Amino acid sequence: MRRSFWLVCVSVVVSALGTAPPGGLAAQQGTESKAEPVVRIRAERFTFTPSEVRTTVGTRLDIELKSDDTVHGFRIIGTDVNVEVPKRGKGSVRVVFTPTTPGRYTFECSHTCGAGHSFMRGVIIVEAK
Amino acid sequence: MEFHYNKPEFVDGELDFHRFVLLVTHRYSDRIRFVGELEVAHAFVEGLEEAGELELEQAYLDFLFSRGLNIRAGLMLMPVGIINERHEPPVFYGVERPLVDTALIPTTWFEIGVGVHGEVGRGWRYRAFLTAPLDAERFTAEDGLRDGRQKGSRTNAGRLAATARLEYVGTPGLTTGVSVWTGRSGFQFRPRFDVPVHLIEADARYSFDRLELRAEAVQVSVGNTPDLNDAVGRTIGIDPNVAKTMRGGYLEAGYRVVSGARFGDIGAFVRYESVDTQHRMADGYLPLREFDRTAWVVGATYWPDADIALKFDYTMLRNRSVSIVAPNSFNLGLGWWF
């Protein structure tokens, strides 16, 4: 039993590490945003997934945020975007962001959500057309 | 916040207001933040008594330069394992934290230090800190590293410890990580000798819809244990029988049987744990088999709100001793966060 337990432990961790796609989900999400205009971001203590979103100047970005646990915030630093993401089971919130200049826009949780709150950040990378 | 009712076999049950935590944050600017966390453990604090504890668990400044590089300084949580940085009661199954997150990863584990953290690529996050080391004089056969935390209180910083964690969070629902901690912990002894301690940990957490799976494995090596045991034995009169290798881990599966109902969510879980704080001994020492433990934990959680958890579990604890019985226990807990 003990040996089986350790084998299962190691294989679970190794297989989980192996599921990381080479391009990452953020890349897929960014690609999908042309066909599917809604970028779905999942929030949980203390992570946004995806935490990197790519778009181009002038493209309207529809971002739907849903929490897996408590109330979070979604604030894009340097813009007027700052919304509350309702807690699990209370629905989602949608944000529209249309960048007019290229650059890196940092977003973060703006509602204190626990001990690792300040880790909870991401970036929208806006490239010129 | 959480309070527990613990009822081990053969003894009376106990009610305990285990943790009352106040979190304080302040934003100086978009780039400079303060986080503080003050905890009263076991409800009552009395000087020089084995009662409760008033602990400053976090008090640090974050200097946020970029997504890839930020600096943290102050009293901070060690980035090791699943529970230590993410310990709010509603986010884990079970009334008590897993054994491995008690003896081998001494949660809640916090020390004074400085370091860097950030995120690179599409979901690769890292933390790397230099902090005060553990105090090997307080390691024990039963509780492993647990009592070795210096907790930011007049800590010895003659030999800094290093800790780092790399994790991948780029796939929805999946978090995987590896953590290491290394330090020299023999600073209390005269003449001074080294007690190098190395901890390596790997974990994975996956949730999909109602299902949540967790796995964690830890190995700890402690160097120079014959000198450590001898020195502590001469100081307090009891040889602590600290092992040169300790290891442990757990597998857990949880499922939300009810999700999205008006009255809340209900989840059930099962966890298998294995912790051996006497795994490998130095020559001349025999392991105490009662500290080679396994446990099956089954239970349920009711969330009337995402931030409130009413939990119960039944823990079937076993050990390898032929003479000392490990008691089963029934545990009930109510935890909340705001």
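**Entry 1: a bridge in chain A**

I looked up I76(A) and found that its bridge partner in β8(A) is F107(A). I keep in mind that this is a predicted model. Strand β5 (residues 72-76) and strand β8 (residues 103-108) of chain A run antiparallel, and two bridges join them. My reminder to self: strands of a sheet pair through backbone hydrogen bonds, either parallel or antiparallel.

**Entry 2: the whole sheet**

Next I traced the sheet, which is open, has five strands and follows the order β3-β9-β8-β5-β6 (chain A). Its pairing is mixed. I then asked which strands stand at the edges. They are β3 (52-56) and β6 (82-85) of chain A; each has a single partner strand, so one side of each is left without a neighbour in the sheet. From one strand to the next, I read an average twist of 20 degrees.

**Entry 3: a helix in chain B**

I moved on to helix α2 (residues 225-236) of chain B and checked its length. At 1.5 Å a residue, its 12 residues should span 16 Å, and the end C-alpha atoms are 16 Å apart, so the two agree. After α2(B) comes G237(B), with a positive phi near 90 degrees. Among the buried residues of α2(B) I noted L228(B), A231(B) and V232(B). Part of their cover is β11 (211-222) of chain B.

**Entry 4: the cores**

Which residues touch the most other members of the largest nonpolar core? I found F139(B), V220(B), V222(B) and L228(B), out of 30 residues. Elements giving two or more residues to this core include β10 (196-208) and α2 of chain B. L228(B) touches, among others, F189(B), F193(B) and V242(B). A second, separate core has 25 residues, and I was pleased to meet F107(A) again there.

Definitions and conventions. Residues numbered from 1 in each chain as written. Chains lettered and ligands numbered in written order. Predicted model: local features only at pLDDT ≥ 70, side-chain atom pairs only at ≥ 80, totals over all residues. Heavy atoms only, no water. Pairing = 2+ DSSP bridges. Helix = DSSP H or I, 4+ residues; strand = E, 2+ residues; numbered from the N terminus. Axes fitted to C-alpha atoms, helices over the stretch in contact; angles between N-to-C directions. Expected span 1.5 Å × (residues − 1). Buried < 20%, exposed > 50% of the residue type's maximum accessible area, 1.4 Å probe, protein only. Contact = heavy atoms within 4.5 Å. Core = buried A, V, L, I, M, F, W, Y, C linked by side-chain atoms within 4.5 Å. Lists of a residue's contacts leave out its neighbours within four places in sequence.
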